[in-house]
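User: I would like to learn how to read the features of a model such as this one. Could we begin with the display and then take the features in turn?

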Amino acid sequence: RDGESMAVDTESYLNLIHDEELALAIAAVAQGPVKHPLYCVCDGRSVQRKEYYEFIAQSLDLPKPIFSEYSTKENMRKRSQGNKRVSNKLLLADYPLELRFPDYRSGLSSLVEEMSR
């Protein structure tokens, strides 16, 4: 928003989940039975950081983000270092949840719409 460059690895992936769906998943698992000791809770559609930040800028009618060269991990916040793609297939197989926001675009669009009211 302020036009400063972001030092992130634009090729790395984010795994996201809408907070309402996180709560839905937690409630479903809490009601049991729990079949597996670990579930990945995400929308199942990993997105590269560049695409994610560009979509936010476009949705808010802001200029495209500026990315500076990604440097060493010492210069990055811990949160921006990850680059994993996770799957929610096990969770959905055990608990057939119906996601209202099946990807980051639908979740962010809903948020932007809510903010504009």
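**Reading the model**

Analyst: This is a predicted model, in which local features need pLDDT of at least 70 and side-chain atom pairs count only at pLDDT 80 or more, while totals for chains, interfaces and linings use all residues. Residues are numbered from 1 along each chain as its sequence is written, and side-chain values use heavy atoms, with hydrogens and water left out.

User: How many helices and strands does the protein chain have, and in what order do the elements run?

Analyst: Helices (H or I, at least four residues) and strands (E, at least two) are DSSP runs, numbered from the N terminus. Here the protein chain has 4 helices and 2 strands, and the elements follow the order β-α-β-α-α-α from the N terminus on.

User: How should I read burial, and which class does Val-41 fall into?

Analyst: Buried means under 20% relative accessible area, exposed means over 50%, and partly exposed lies in between, with a 1.4 Å probe and protein chains only. Val-41, in the loop between α1 (19-31) and β2 (47-48), counts as partly exposed because its relative accessibility is 32%. Ser-59, in helix α2 (residues 49-59), is partly exposed at 24%. Of the 117 residues of the protein chain, 24% count as buried.

User: How many disulfides are there, and where do the sulfurs of Cys-40 and Cys-42 stand?

Analyst: A disulfide is a pair of cysteine sulfur atoms within 2.5 Å, and by this rule the count is 0. Cys-40 is in no disulfide, the nearest cysteine sulfur being that of Cys-42, 6.3 Å away; the sulfur of Cys-42 is therefore too far from that of Cys-40 for a bond. As for accessibility, Cys-40 is partly exposed at 33%, whereas Cys-42 is buried at 4%.

User: Which residues does Ser-46 touch beyond its neighbours within four places in sequence?

Analyst: Contact means heavy atoms within 4.5 Å. Ser-46, which also lies in the loop between α1 and β2, is in contact with Tyr-13, Leu-14, Asn-15, Arg-85 and Val-86 once those neighbours are left aside. With Asn-15 there is a polar contact between the two side chains at 2.6 Å, where the term denotes a pair of N or O atoms within 3.5 Å; within protein, one must be able to donate a hydrogen and the other to accept it, and residues adjacent in sequence count only if both atoms are side-chain atoms.

User: What share of contacts in the protein chain between residues at least 6 apart in sequence joins residues at least 24 apart?

Analyst: That share is 86%. As a separate C-alpha distance, Ser-59 and Val-112 are 53 residues apart along the chain, with their C-alpha atoms separated by 7.1 Å.
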